[in-house]
Amino acid sequence: MPHNVLISPSILSADFAALGQAVRDIDAAGADMIHIDVMDNHYVPNLTIGPMVVKALRKHTTKPFDVHLMVSPVDALIPMFLDAGADYITVHPDAGPHLHRSLQSIRDGGAKAGIVLNPGAPVEQLDPVIDLCDQVMVMSVNPGFGGQSFIPSQLDKIAAIRARIDAHVAKGGQDILLQVDGGVNPTTAQDCIRAGATSLVAGSAVFKGAGTYAENIAALRGQNVSRVA
Ligand code: DX5
Ligand code: ZN
């Protein structure tokens, strides 16, 4: 079925003792990308997945790996995640030390580069690096944990970034995915899409939602969730 918003389920909400199966299941359920949250207990107060796990998961799907690096400093880890099979690597501008160089090194390694803006970060952080971005992600929760509530004030930021991307494309610039991460459920998903998002990350809503993974993903796209017998 055609659809125009990408869904990137976050395996942070999956069973960590069965991550390979989780990746195969969300692939079969219609996920467009696989969102992998990398946390270092320094940039954020949690500790999750490293490049060895990403590499081990690589053989379980051909869908793009959307790797969200919540680590500081970030640069030394980028080659490891490139080697592990990341397709998108997204970094926080304040993870440092050199955002522009981080984005260059992601692209030089053959992956798509993204920046991610925390709820307290200004939209202007995109401007100096927009030429280097394939994806911009808006955090609609503070980073570190799944299962938090969507912060509505981020909708204005999504709309502001939508305007910047459209202006960039109108001037001949590359198109950029506008992704939202945190507290995305079937209701907030529609708010995000209306504000201009083209990609949605969802952990709890996919892995702990009311239906099957396929139904939960369809619900995020705004499609009927009626069960096919
Ligand atoms: C939070 C992570 C999110 C998280 C989203 O720091 O970046 O990707 O998994 O989880 P939900 O969808 O449950 O808010
Ligand atoms: Zn994330």
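These are my notebook entries on a sheet, a ligand site and a few single residues in this structure.

**Entry 1: the sheet**

I began with a reminder to myself that this is a predicted model. I then traced the strand order, and found eight strands in an open sheet, running E1-E8-E7-E6-E5-E4-E3-E2. The pairing is parallel. Strands of a sheet pair through backbone hydrogen bonds, either parallel or antiparallel.

Which strands stand at the edges? I found E1 (6–9) and E2 there, each with a single partner strand, so one side of each has no neighbour in the sheet. I also looked up the twist: ignoring direction, neighbouring strands of this sheet are turned by 25 degrees against each other on average.

At the E1 edge, I counted four bridges to strand E8 (residues 199–202), and the two run parallel. One pair I noted is Ser 8, whose bridge partner in E8 is Val 201.

**Entry 2: strand E2**

I went to the other edge next. E2 covers residues 34–39, and six of its six residues are buried, so the strand is largely enclosed by the rest of the structure. I checked which way the side chains go. Ile 34, Ile 36 and Val 38 point one way, while His 35, Asp 37 and Met 39 point the other way. Both sets are buried.

How many bridges join E2 to E3? I get six, with E3 spanning residues 65–70 and running parallel to E2. Within that pairing, Val 38 has Leu 69 as its bridge partner. I also noted the connection: E2, helix H2 (residues 51–58) and E3 make a right-handed β-α-β unit.

**Entry 3: ligand 1**

I listed the surroundings of ligand 1 and got 20 residues. The closest are Gly 144, Asp 181, Gly 183, Gly 203 and Ser 204.

Then I looked at polar side-chain atoms facing oxygen atoms of the ligand. For Ser 204 the distance is 2.5 Å. For Asp 37 I read 2.8 Å, and for His 35 the value is 3.3 Å. Two of my E2 residues therefore turn up again here, and I had His 35 and Asp 37 pointing the same way from that strand, as buried residues.

How much of ligand 1 does the protein cover? The answer is 99% of the 380 Å² of accessible area that the ligand has on its own.

**Entry 4: Ser 8 and Thr 61**

I came back to Ser 8, which sits in strand E1. Ser 8 has 0% relative accessibility, so I have it down as buried. A polar atom of the Ser 8 side chain lies 3.4 Å from the backbone nitrogen of His 35. That gives me a link from E1 to a residue of E2.

Thr 61 is in the loop between H2 and E3. Is Thr 61 buried or exposed? At a relative accessible area of 7%, I record Thr 61 as buried. A polar atom of the Thr 61 side chain is 3.0 Å from the backbone nitrogen of Lys 63.

**Entry 5: backbone oddities**

Most residues other than glycine have a negative phi, and most peptide bonds are trans. I went looking for departures from that.

- The peptide bond from Ser 72 to Pro 73 is cis, with omega near -5 degrees; I place Pro 73 in the loop between E3 and H3.
- Gly 96 and Pro 97 are also joined by a cis peptide bond, with omega about 5 degrees; Pro 97 is in the loop between E4 and helix H4 (99–108).
- Asn 41 is not a glycine, yet its phi is positive, near 60 degrees; I find Asn 41 in the loop between E2 and H2.

**Entry 6: two last lookups**

Gly 85 belongs to the loop between helix H3 (78–84) and strand E4 (88–91). Why did I call Gly 85 buried? Its relative accessibility is 19%, and buried means under 20%. Gly 85 and Lys 55 are 30 residues apart in sequence, but their C-alpha atoms are 6.3 Å apart in space.

Ala 218 is in helix H8 (residues 213–220). With 12% relative accessibility, Ala 218 also goes down as buried. From C-alpha to C-alpha, Ala 218 and Val 206 are 9.6 Å apart, with their positions twelve residues apart in sequence numbering.

Note on methods
Residues numbered from 1 in each chain as written. Chains lettered and ligands numbered in written order. Predicted model: local features only at pLDDT ≥ 70, side-chain atom pairs only at ≥ 80, totals over all residues. Heavy atoms only, no water. Buried < 20%, exposed > 50% of the residue type's maximum accessible area, 1.4 Å probe, protein only. Pairing = 2+ DSSP bridges. Right-handed = clockwise from strand over helix to strand, strands pointing away. Near = heavy atom within 4 Å. Polar contact = N/O pair within 3.5 Å; in protein donor to acceptor, adjacent residues only side chain to side chain. Areas by Shrake-Rupley, 256 points an atom, 1.4 Å probe, with all protein chains shown as cover. Axes fitted to C-alpha atoms, helices over the stretch in contact; angles between N-to-C directions.
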